Amino acid sequence: MASHLSKTRSVAVIGGGPAGLMAAEVLIQAGVQVDLYESMPSTGRKFLVAGKGGLNLTHAEPREQFLSNYGDRRSQLEPILDRFGPDDLRNWVHRLGIETFVGTSQRVFPVGMKTAPILHAWLERLHKAGVNFHVRHKWLGWRRDGCLWFSAPEGDRYVSADATILAMGGGSWKRLGSTGEWVQILTECGITVASFKPSNCGFDVTWSKTFKNRYEGTPLKAVVLSFTDSKGHFIRKQGEFIVTLNGVEGSLIYALSAQLRDEIEAAGQAVIKLDMAPGWSKQRLIERLSQPRGSQSLANHLRKAVKIQGVKAGLLWEFTPKQNYEDPAYLAAMIKELPIPLLAPRPLDEAISSAGGVAFEELNEQLMVRSLPGVFCAGEMLDWEAPTGGYLITACMASGRVAAQGALAWLGPAWEGLQSG
Ligand SMILES: Cc1cc2nc3c(=O)[nH]c(=O)nc-3n(C[C@H](O)[C@H](O)[C@H](O)COP(=O)(O)OP(=O)(O)OC[C@H]3O[C@@H](n4cnc5c(N)ncnc54)[C@H](O)[C@@H]3O)c2cc1C
(Lines give C-alpha, C1' and ligand atoms only; values in the text may rest on other atoms or scores of the structure.)
Protein backbone atom coordinates (compact mmCIF):
# COMPACT_ATOMS: atom_id res chain seq x y z
CA MET A 1 0.00 0.00 0.00
CA ALA A 2 1.69 3.25 -1.09
CA SER A 3 1.69 6.10 1.37
CA HIS A 4 0.20 9.55 0.79
CA LEU A 5 3.54 11.08 1.78
CA SER A 6 5.70 12.47 -0.98
CA LYS A 7 8.83 10.45 -1.74
CA THR A 8 11.25 12.74 -0.04
CA ARG A 9 13.48 10.02 1.41
CA SER A 10 15.40 7.51 -0.62
CA VAL A 11 16.78 4.09 0.21
CA ALA A 12 19.34 2.22 -1.88
CA VAL A 13 19.03 -1.56 -1.91
CA ILE A 14 22.15 -3.27 -3.23
CA GLY A 15 21.63 -6.82 -4.49
CA GLY A 16 18.57 -8.15 -6.29
CA GLY A 17 18.22 -11.60 -4.70
CA PRO A 18 15.31 -12.67 -2.48
CA ALA A 19 16.66 -10.61 0.47
CA GLY A 20 17.11 -7.38 -1.51
CA LEU A 21 13.82 -7.72 -3.40
CA MET A 22 11.96 -8.29 -0.14
CA ALA A 23 13.60 -5.23 1.40
CA ALA A 24 12.62 -3.18 -1.67
CA GLU A 25 9.02 -4.36 -1.35
CA VAL A 26 8.69 -3.32 2.30
CA LEU A 27 10.28 0.06 1.57
CA ILE A 28 8.19 0.90 -1.50
CA GLN A 29 5.02 -0.05 0.36
CA ALA A 30 5.96 2.54 2.97
CA GLY A 31 6.25 5.20 0.27
CA VAL A 32 9.96 5.93 0.23
CA GLN A 33 11.90 6.17 -3.02
CA VAL A 34 13.60 2.83 -3.63
CA ASP A 35 16.55 2.34 -5.97
CA LEU A 36 17.69 -1.25 -6.34
CA TYR A 37 21.20 -1.80 -7.73
CA GLU A 38 22.23 -5.14 -9.16
CA SER A 39 25.62 -6.03 -10.66
CA MET A 40 24.22 -8.61 -13.11
CA PRO A 41 22.12 -7.83 -16.21
CA SER A 42 19.04 -9.15 -14.37
CA THR A 43 17.93 -9.76 -10.78
CA GLY A 44 17.27 -13.01 -8.93
CA ARG A 45 19.63 -15.31 -10.84
CA LYS A 46 20.46 -17.57 -7.90
CA PHE A 47 16.80 -17.59 -6.87
CA LEU A 48 15.95 -18.80 -10.38
CA VAL A 49 18.57 -21.54 -10.28
CA ALA A 50 17.24 -22.61 -6.87
CA GLY A 51 14.05 -23.58 -8.70
CA LYS A 52 15.80 -25.86 -11.17
CA GLY A 53 15.46 -29.02 -9.11
CA GLY A 54 12.24 -27.79 -7.43
CA LEU A 55 12.11 -24.57 -5.40
CA ASN A 56 11.89 -25.52 -1.75
CA LEU A 57 10.45 -22.28 -0.36
CA THR A 58 10.10 -23.14 3.29
CA HIS A 59 9.17 -25.93 5.68
CA ALA A 60 5.90 -26.86 7.36
CA GLU A 61 7.33 -28.55 10.46
CA PRO A 62 6.56 -27.26 13.99
CA ARG A 63 8.24 -23.99 15.01
CA GLU A 64 10.77 -25.52 17.44
CA GLN A 65 11.98 -28.03 14.89
CA PHE A 66 12.10 -25.33 12.20
CA LEU A 67 14.22 -23.00 14.33
CA SER A 68 16.61 -25.79 15.37
CA ASN A 69 17.93 -25.84 11.79
CA TYR A 70 19.68 -22.51 12.32
CA GLY A 71 22.11 -24.11 14.80
CA ASP A 72 24.40 -21.65 16.56
CA ARG A 73 22.65 -18.65 15.00
CA ARG A 74 19.19 -19.60 16.15
CA SER A 75 19.13 -16.91 18.85
CA GLN A 76 19.90 -14.18 16.29
CA LEU A 77 17.49 -15.48 13.65
CA GLU A 78 14.58 -16.40 15.91
CA PRO A 79 13.33 -12.80 16.40
CA ILE A 80 13.73 -12.22 12.66
CA LEU A 81 11.80 -15.38 11.73
CA ASP A 82 9.14 -14.55 14.33
CA ARG A 83 8.36 -11.45 12.26
CA PHE A 84 8.18 -13.37 8.99
CA GLY A 85 8.08 -17.13 9.31
CA PRO A 86 7.14 -20.09 7.10
CA ASP A 87 3.38 -19.37 7.19
CA ASP A 88 3.92 -15.70 6.34
CA LEU A 89 6.13 -16.71 3.43
CA ARG A 90 3.50 -19.11 2.09
CA ASN A 91 0.79 -16.43 2.39
CA TRP A 92 3.06 -13.96 0.66
CA VAL A 93 3.53 -16.38 -2.27
CA HIS A 94 -0.24 -16.97 -2.39
CA ARG A 95 -0.77 -13.20 -2.65
CA LEU A 96 1.46 -13.25 -5.73
CA GLY A 97 -1.16 -15.58 -7.24
CA ILE A 98 0.87 -18.78 -6.87
CA GLU A 99 -0.31 -21.73 -4.79
CA THR A 100 2.01 -23.81 -2.64
CA PHE A 101 1.90 -27.40 -1.43
CA VAL A 102 3.53 -29.41 1.33
CA GLY A 103 5.61 -32.22 -0.15
CA THR A 104 7.38 -35.16 1.42
CA SER A 105 9.16 -34.48 4.71
CA GLN A 106 7.02 -31.34 5.16
CA ARG A 107 8.96 -29.30 2.60
CA VAL A 108 6.95 -26.50 0.98
CA PHE A 109 7.07 -25.92 -2.79
CA PRO A 110 5.21 -23.65 -5.19
CA VAL A 111 2.80 -25.50 -7.47
CA GLY A 112 4.85 -26.07 -10.63
CA MET A 113 8.04 -26.26 -8.50
CA LYS A 114 9.73 -23.40 -10.37
CA THR A 115 10.96 -19.95 -9.32
CA ALA A 116 10.22 -18.16 -12.61
CA PRO A 117 6.46 -17.55 -12.06
CA ILE A 118 7.14 -16.19 -8.56
CA LEU A 119 10.01 -13.98 -9.69
CA HIS A 120 8.11 -12.62 -12.70
CA ALA A 121 5.00 -11.79 -10.69
CA TRP A 122 7.12 -10.26 -7.94
CA LEU A 123 9.22 -8.09 -10.27
CA GLU A 124 6.09 -6.91 -12.06
CA ARG A 125 4.56 -5.91 -8.72
CA LEU A 126 7.74 -4.08 -7.68
CA HIS A 127 8.00 -2.26 -11.02
CA LYS A 128 4.35 -1.20 -10.80
CA ALA A 129 4.84 -0.02 -7.22
CA GLY A 130 7.66 2.25 -8.41
CA VAL A 131 10.94 0.54 -7.46
CA ASN A 132 13.70 1.88 -9.72
CA PHE A 133 15.86 -1.00 -10.94
CA HIS A 134 19.46 -0.32 -11.95
CA VAL A 135 21.00 -3.49 -13.38
CA ARG A 136 24.67 -3.79 -14.40
CA HIS A 137 25.47 -1.57 -11.42
CA LYS A 138 28.21 -3.10 -9.34
CA TRP A 139 28.72 -1.56 -5.92
CA LEU A 140 32.35 -0.68 -5.24
CA GLY A 141 32.08 1.03 -1.85
CA TRP A 142 31.64 4.60 -0.60
CA ARG A 143 33.20 7.83 -1.79
CA ARG A 144 34.75 10.04 0.92
CA ASP A 145 31.57 12.15 1.03
CA GLY A 146 29.47 9.05 1.83
CA CYS A 147 28.02 8.62 -1.66
CA LEU A 148 27.60 5.03 -2.88
CA TRP A 149 30.02 4.20 -5.66
CA PHE A 150 28.93 1.98 -8.54
CA SER A 151 30.55 0.76 -11.69
CA ALA A 152 27.77 1.26 -14.27
CA PRO A 153 27.63 0.79 -18.06
CA GLU A 154 28.23 4.52 -18.55
CA GLY A 155 31.19 4.52 -16.13
CA ASP A 156 31.50 5.29 -12.43
CA ARG A 157 28.29 6.52 -10.78
CA TYR A 158 27.92 8.10 -7.37
CA VAL A 159 24.59 8.28 -5.61
CA SER A 160 23.47 9.43 -2.23
CA ALA A 161 20.75 7.73 -0.22
CA ASP A 162 19.19 8.34 3.17
CA ALA A 163 19.67 4.66 4.07
CA THR A 164 21.26 1.65 2.39
CA ILE A 165 20.41 -2.05 2.50
CA LEU A 166 23.25 -4.37 1.56
CA ALA A 167 21.92 -7.74 0.32
CA MET A 168 24.72 -9.05 -1.89
CA GLY A 169 24.49 -12.76 -1.03
CA GLY A 170 27.13 -15.28 0.01
CA GLY A 171 30.10 -16.68 -1.86
CA SER A 172 28.95 -19.71 -3.85
CA TRP A 173 27.97 -20.01 -7.52
CA LYS A 174 29.86 -16.82 -8.38
CA ARG A 175 28.67 -16.86 -11.98
CA LEU A 176 25.18 -15.98 -10.74
CA GLY A 177 26.43 -12.69 -9.28
CA SER A 178 27.19 -13.40 -5.62
CA THR A 179 30.94 -13.02 -5.88
CA GLY A 180 31.58 -12.01 -2.28
CA GLU A 181 33.68 -9.06 -3.42
CA TRP A 182 31.84 -6.93 -0.86
CA VAL A 183 33.83 -8.69 1.89
CA GLN A 184 36.92 -6.61 1.18
CA ILE A 185 34.95 -3.36 1.15
CA LEU A 186 33.34 -4.04 4.53
CA THR A 187 36.53 -5.45 6.06
CA GLU A 188 38.38 -2.28 5.07
CA CYS A 189 35.69 -0.35 6.97
CA GLY A 190 36.67 -2.35 10.08
CA ILE A 191 33.64 -4.66 10.01
CA THR A 192 34.19 -8.26 11.09
CA VAL A 193 33.24 -10.69 8.35
CA ALA A 194 33.61 -14.43 9.08
CA SER A 195 35.36 -16.23 6.21
CA PHE A 196 33.10 -18.01 3.77
CA LYS A 197 32.95 -21.79 3.96
CA PRO A 198 30.99 -24.16 1.75
CA SER A 199 27.62 -25.15 3.20
CA ASN A 200 25.16 -27.65 1.75
CA CYS A 201 28.06 -29.02 -0.23
CA GLY A 202 29.38 -32.32 -1.53
CA PHE A 203 32.51 -34.03 -0.21
CA ASP A 204 35.52 -35.74 -1.74
CA VAL A 205 35.93 -39.49 -1.39
CA THR A 206 38.74 -41.43 -3.02
CA TRP A 207 36.84 -43.88 -5.22
CA SER A 208 38.55 -46.59 -7.24
CA LYS A 209 38.54 -45.98 -10.99
CA THR A 210 36.21 -48.95 -11.55
CA PHE A 211 33.71 -47.75 -8.97
CA LYS A 212 33.50 -44.15 -10.18
CA ASN A 213 33.32 -45.14 -13.82
CA ARG A 214 30.44 -47.48 -13.10
CA TYR A 215 28.44 -45.54 -10.51
CA GLU A 216 29.02 -41.81 -11.08
CA GLY A 217 25.60 -40.12 -10.92
CA THR A 218 23.89 -43.10 -9.27
CA PRO A 219 21.56 -42.33 -6.36
CA LEU A 220 21.46 -44.24 -3.09
CA LYS A 221 17.85 -44.11 -1.96
CA ALA A 222 16.27 -44.72 1.46
CA VAL A 223 19.59 -45.19 3.22
CA VAL A 224 20.55 -44.00 6.70
CA LEU A 225 23.69 -42.03 7.44
CA SER A 226 25.15 -41.70 10.89
CA PHE A 227 28.07 -39.64 12.02
CA THR A 228 29.82 -39.08 15.33
CA ASP A 229 32.27 -36.18 15.52
CA SER A 230 35.42 -36.19 17.61
CA LYS A 231 33.55 -34.43 20.45
CA GLY A 232 31.07 -37.32 20.57
CA HIS A 233 28.10 -35.54 18.94
CA PHE A 234 26.00 -38.09 17.10
CA ILE A 235 23.66 -37.49 14.12
CA ARG A 236 21.55 -40.06 12.28
CA LYS A 237 19.38 -39.26 9.26
CA GLN A 238 17.50 -41.13 6.55
CA GLY A 239 17.40 -39.89 2.98
CA GLU A 240 19.21 -40.15 -0.30
CA PHE A 241 22.43 -39.01 -1.90
CA ILE A 242 24.36 -39.40 -5.14
CA VAL A 243 27.74 -40.86 -5.98
CA THR A 244 29.78 -38.29 -7.93
CA LEU A 245 33.05 -38.54 -9.79
CA ASN A 246 34.86 -37.03 -6.79
CA GLY A 247 32.76 -38.27 -3.91
CA VAL A 248 29.21 -37.74 -2.67
CA GLU A 249 26.53 -35.04 -2.79
CA GLY A 250 22.75 -34.66 -2.39
CA SER A 251 20.18 -33.80 0.24
CA LEU A 252 21.24 -36.32 2.88
CA ILE A 253 24.88 -35.20 2.65
CA TYR A 254 23.86 -31.52 2.64
CA ALA A 255 21.81 -32.05 5.80
CA LEU A 256 24.99 -33.08 7.64
CA SER A 257 27.39 -30.87 5.72
CA ALA A 258 28.10 -28.26 8.41
CA GLN A 259 29.11 -30.92 10.95
CA LEU A 260 31.09 -32.91 8.35
CA ARG A 261 32.92 -29.79 7.13
CA ASP A 262 33.78 -28.72 10.69
CA GLU A 263 35.02 -32.23 11.57
CA ILE A 264 37.28 -32.31 8.51
CA GLU A 265 38.62 -28.90 9.49
CA ALA A 266 39.31 -30.12 13.04
CA ALA A 267 40.41 -33.72 12.47
CA GLY A 268 41.49 -33.96 8.82
CA GLN A 269 38.64 -36.26 7.77
CA ALA A 270 35.08 -37.24 8.68
CA VAL A 271 33.95 -40.85 8.55
CA ILE A 272 30.26 -41.35 7.87
CA LYS A 273 28.59 -44.71 8.49
CA LEU A 274 26.11 -45.84 5.88
CA ASP A 275 23.26 -48.25 6.63
CA MET A 276 22.38 -49.70 3.23
CA ALA A 277 19.63 -51.96 4.58
CA PRO A 278 17.73 -49.91 7.17
CA GLY A 279 14.82 -52.38 7.28
CA TRP A 280 17.06 -55.31 8.21
CA SER A 281 18.65 -56.21 11.53
CA LYS A 282 22.29 -57.23 11.49
CA GLN A 283 21.30 -60.66 12.87
CA ARG A 284 18.87 -61.26 10.01
CA LEU A 285 21.52 -60.24 7.48
CA ILE A 286 23.99 -62.70 9.04
CA GLU A 287 21.42 -65.51 8.94
CA ARG A 288 20.58 -64.89 5.29
CA LEU A 289 24.21 -64.46 4.24
CA SER A 290 25.19 -67.67 6.09
CA GLN A 291 22.87 -69.79 3.93
CA PRO A 292 24.87 -71.99 1.56
CA ARG A 293 25.26 -70.26 -1.79
CA GLY A 294 26.11 -73.38 -3.79
CA SER A 295 27.36 -72.52 -7.26
CA GLN A 296 26.00 -68.93 -7.14
CA SER A 297 28.46 -66.07 -7.44
CA LEU A 298 28.86 -63.95 -4.31
CA ALA A 299 27.18 -61.04 -6.15
CA ASN A 300 24.12 -63.17 -6.89
CA HIS A 301 24.04 -64.50 -3.35
CA LEU A 302 24.08 -60.95 -1.96
CA ARG A 303 21.35 -59.85 -4.32
CA LYS A 304 19.07 -62.81 -3.64
CA ALA A 305 19.73 -63.24 0.07
CA VAL A 306 19.76 -59.60 1.25
CA LYS A 307 18.81 -57.49 -1.82
CA ILE A 308 22.20 -55.77 -1.98
CA GLN A 309 23.02 -55.04 -5.61
CA GLY A 310 24.09 -52.28 -8.00
CA VAL A 311 25.69 -49.26 -6.37
CA LYS A 312 25.17 -50.74 -2.88
CA ALA A 313 27.12 -53.87 -3.81
CA GLY A 314 29.72 -51.63 -5.50
CA LEU A 315 30.16 -49.67 -2.27
CA LEU A 316 30.44 -52.85 -0.25
CA TRP A 317 33.28 -54.17 -2.43
CA GLU A 318 34.90 -50.75 -2.47
CA PHE A 319 35.50 -50.86 1.28
CA THR A 320 35.67 -54.61 2.09
CA PRO A 321 39.08 -56.29 2.08
CA LYS A 322 39.11 -59.38 -0.15
CA GLN A 323 39.88 -61.73 2.73
CA ASN A 324 36.51 -60.83 4.32
CA TYR A 325 34.35 -61.53 1.28
CA GLU A 326 33.19 -64.90 2.64
CA ASP A 327 32.58 -63.73 6.22
CA PRO A 328 28.80 -63.23 6.73
CA ALA A 329 29.24 -61.40 10.05
CA TYR A 330 31.76 -58.99 8.51
CA LEU A 331 29.59 -58.36 5.45
CA ALA A 332 26.48 -57.83 7.60
CA ALA A 333 28.36 -55.30 9.74
CA MET A 334 29.53 -53.48 6.61
CA ILE A 335 26.02 -53.41 5.11
CA LYS A 336 24.68 -51.87 8.32
CA GLU A 337 27.57 -49.50 9.04
CA LEU A 338 29.76 -49.02 5.99
CA PRO A 339 32.46 -46.51 6.93
CA ILE A 340 33.06 -43.95 4.17
CA PRO A 341 35.90 -41.50 4.79
CA LEU A 342 35.15 -37.96 3.54
CA LEU A 343 38.39 -36.13 2.87
CA ALA A 344 37.41 -32.55 2.00
CA PRO A 345 34.33 -30.45 1.28
CA ARG A 346 33.87 -29.62 -2.41
CA PRO A 347 34.95 -26.05 -3.30
CA LEU A 348 32.86 -23.09 -2.13
CA ASP A 349 31.79 -22.17 -5.64
CA GLU A 350 30.02 -25.53 -6.07
CA ALA A 351 28.14 -25.30 -2.77
CA ILE A 352 24.41 -24.52 -2.58
CA SER A 353 25.15 -21.86 0.03
CA SER A 354 27.92 -20.46 2.16
CA ALA A 355 28.55 -20.21 5.87
CA GLY A 356 30.29 -17.06 7.09
CA GLY A 357 29.56 -13.42 6.38
CA VAL A 358 28.93 -10.23 8.36
CA ALA A 359 29.19 -11.05 12.08
CA PHE A 360 25.95 -10.50 14.00
CA GLU A 361 27.97 -8.70 16.68
CA GLU A 362 28.45 -5.90 14.14
CA LEU A 363 24.68 -5.40 13.82
CA ASN A 364 21.90 -4.18 16.04
CA GLU A 365 18.57 -6.04 16.22
CA GLN A 366 17.32 -4.04 13.20
CA LEU A 367 20.30 -5.44 11.24
CA MET A 368 21.94 -2.00 11.05
CA VAL A 369 25.75 -2.00 11.06
CA ARG A 370 26.53 -0.33 14.39
CA SER A 371 29.59 1.45 13.04
CA LEU A 372 27.84 2.57 9.82
CA PRO A 373 24.57 4.23 10.88
CA GLY A 374 21.93 3.96 8.16
CA VAL A 375 23.55 0.89 6.55
CA PHE A 376 21.70 -2.43 6.98
CA CYS A 377 22.60 -6.00 5.95
CA ALA A 378 20.34 -8.90 4.99
CA GLY A 379 20.26 -12.37 3.49
CA GLU A 380 23.02 -14.86 2.92
CA MET A 381 25.70 -12.22 3.41
CA LEU A 382 25.09 -12.49 7.17
CA ASP A 383 27.03 -15.07 9.18
CA TRP A 384 24.58 -17.96 9.49
CA GLU A 385 23.93 -21.21 7.70
CA ALA A 386 21.15 -23.77 7.51
CA PRO A 387 20.53 -27.01 5.65
CA THR A 388 18.52 -27.06 2.45
CA GLY A 389 14.83 -27.48 3.11
CA GLY A 390 13.61 -23.93 2.52
CA TYR A 391 15.43 -22.57 5.58
CA LEU A 392 17.73 -20.45 3.42
CA ILE A 393 15.12 -18.58 1.41
CA THR A 394 12.88 -18.12 4.46
CA ALA A 395 15.67 -16.48 6.49
CA CYS A 396 16.89 -14.42 3.52
CA MET A 397 13.43 -12.97 2.93
CA ALA A 398 12.74 -12.50 6.64
CA SER A 399 16.02 -10.65 7.17
CA GLY A 400 15.34 -8.50 4.10
CA ARG A 401 12.09 -7.41 5.72
CA VAL A 402 13.67 -6.72 9.09
CA ALA A 403 16.47 -4.68 7.51
CA ALA A 404 13.92 -2.64 5.53
CA GLN A 405 11.78 -2.08 8.62
CA GLY A 406 14.95 -1.01 10.41
CA ALA A 407 15.71 1.45 7.62
CA LEU A 408 12.21 2.91 7.90
CA ALA A 409 12.66 3.33 11.64
CA TRP A 410 16.01 4.99 10.91
CA LEU A 411 14.32 7.44 8.53
CA GLY A 412 12.14 8.58 11.40
CA PRO A 413 8.82 7.96 13.09
CA ALA A 414 6.80 9.22 10.09
CA TRP A 415 8.16 6.35 7.98
CA GLU A 416 8.35 3.68 10.63
CA GLY A 417 4.59 3.65 11.02
CA LEU A 418 4.12 2.99 7.32
CA GLN A 419 5.52 -0.54 7.20
CA SER A 420 2.87 -2.83 5.84
CA GLY A 421 2.64 -6.55 5.36
C1 LIG B 1 21.58 -24.71 -7.02
C2 LIG B 1 20.95 -24.00 -5.85
C3 LIG B 1 19.74 -24.47 -5.35
C4 LIG B 1 19.15 -23.84 -4.25
N5 LIG B 1 17.95 -24.29 -3.79
C6 LIG B 1 17.37 -23.69 -2.73
C7 LIG B 1 16.10 -24.12 -2.26
O8 LIG B 1 15.43 -24.98 -2.87
N9 LIG B 1 15.60 -23.52 -1.14
C10 LIG B 1 16.29 -22.54 -0.45
O11 LIG B 1 15.80 -22.07 0.58
N12 LIG B 1 17.46 -22.07 -0.93
C13 LIG B 1 18.01 -22.62 -2.03
N14 LIG B 1 19.21 -22.14 -2.51
C15 LIG B 1 19.85 -21.03 -1.79
C16 LIG B 1 19.20 -19.67 -2.11
O17 LIG B 1 19.03 -19.52 -3.50
C18 LIG B 1 20.07 -18.54 -1.53
O19 LIG B 1 20.28 -18.77 -0.17
C20 LIG B 1 19.41 -17.18 -1.73
O21 LIG B 1 19.25 -16.89 -3.11
C22 LIG B 1 20.23 -16.08 -1.09
O23 LIG B 1 19.51 -14.87 -1.24
P24 LIG B 1 20.22 -13.44 -1.09
O25 LIG B 1 19.22 -12.45 -1.55
O26 LIG B 1 20.81 -13.32 0.25
O27 LIG B 1 21.45 -13.52 -2.09
P28 LIG B 1 21.50 -13.82 -3.67
O29 LIG B 1 20.31 -14.56 -4.12
O30 LIG B 1 22.83 -14.44 -3.87
O31 LIG B 1 21.44 -12.37 -4.32
C32 LIG B 1 22.47 -11.42 -4.14
C33 LIG B 1 22.46 -10.49 -5.32
O34 LIG B 1 23.42 -9.45 -5.10
C35 LIG B 1 24.07 -9.19 -6.33
N36 LIG B 1 25.39 -8.58 -6.01
C37 LIG B 1 26.47 -9.18 -5.47
N38 LIG B 1 27.48 -8.31 -5.34
C39 LIG B 1 27.03 -7.12 -5.83
C40 LIG B 1 27.61 -5.84 -5.98
N41 LIG B 1 28.87 -5.59 -5.59
N42 LIG B 1 26.87 -4.83 -6.49
C43 LIG B 1 25.58 -5.05 -6.90
N44 LIG B 1 24.98 -6.26 -6.80
C45 LIG B 1 25.70 -7.28 -6.25
C46 LIG B 1 24.18 -10.54 -6.98
O47 LIG B 1 24.37 -10.44 -8.39
C48 LIG B 1 22.85 -11.18 -6.62
O49 LIG B 1 21.85 -10.95 -7.58
C50 LIG B 1 19.79 -22.73 -3.63
C51 LIG B 1 20.99 -22.25 -4.16
C52 LIG B 1 21.57 -22.87 -5.27
C53 LIG B 1 22.86 -22.34 -5.82
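Select helix α5 together with helix α6, residues 116–129. Their axes come within 10 Å and cross at roughly 75°. Angles of 65 to 115 degrees count as roughly perpendicular, so α5 is roughly perpendicular to α6. Keep in mind that this is a predicted model.

Now show the side chains at this crossing. From α5, pick W92, V93 and R95. From α6, pick I118, W122 and R125. By class, this contact has four nonpolar residues, two charged ones and no polar ones.

**Next stop: the other partner of α5**

Keep α5, residues 86–95, on screen and add helix α15, residues 391–411. This pair packs at an angle of about 85°, with the axes 10 Å apart. That makes α5 roughly perpendicular to α15.

Which residues of α5 meet α15? Select P86, L89 and W92. Opposite them in α15 are I393, T394 and M397. Here the classes are five nonpolar, one polar and no charged residues. Pause on W92: this residue of α5 meets α15, and W92 is also in the contact with α6.

**Next stop: the ligand**

Leave I393 selected and bring up the ligand. I393 is among the closest residues to the ligand, along with E38, N56, S178 and E380. How many residues surround the ligand? There are 31.

Step through three atom pairs here. Start at I393: a polar backbone atom of this residue is 2.8 Å from an oxygen atom of the ligand. Go to E38, where a polar side-chain atom lies 2.5 Å from a ligand oxygen atom. Then find W139. One of its polar backbone atoms is 2.9 Å from a nitrogen atom of the ligand.

**Last stop: α11 and α14**

Select helix α11, residues 282–290, and helix α14, residues 328–336. Their axes are 8 Å apart, and the helices pack at about 135°. That makes α11 oblique to α14. Turn the view to follow the crossing: α11 passes α14 in a right-handed one.

Show the contact residues to finish. In α11, select K282, L285, I286, L289 and S290. In α14, select P328, A329, L331, A332, A333, I335 and K336. Color them by class: nine are nonpolar, one is polar and two are charged.

Conventions:
Residues are numbered from 1 along each chain as its sequence is written. This is a predicted model: local features need pLDDT of at least 70, side-chain atom pairs count only at pLDDT 80 or more; totals for chains, interfaces and linings use all residues. Side-chain values use heavy atoms; hydrogens and water are left out. Axes are lines fitted to C-alpha atoms, for helices over the stretch in contact, and angles run from 0 to 180 degrees between N-to-C directions. Helices (H or I, at least four residues) and strands (E, at least two) are DSSP runs, numbered from the N terminus. Angles under 35 degrees count as roughly parallel, over 145 as roughly antiparallel, 65 to 115 as roughly perpendicular and the rest as oblique. A crossing is left-handed if the near helix is turned anticlockwise from the far one by less than a right angle, and right-handed if clockwise. Contact means heavy atoms within 4.5 Å. Ala, Val, Leu, Ile, Met, Phe, Trp, Tyr, Cys and Pro count as nonpolar, Asp, Glu, Lys and Arg as charged, and the others, Gly among them, as polar. A residue is near a molecule or strand if one of its heavy atoms lies within 4 Å of it. A polar contact is a pair of N or O atoms within 3.5 Å; within protein, one must be able to donate a hydrogen and the other to accept it, and residues adjacent in sequence count only if both atoms are side-chain atoms.
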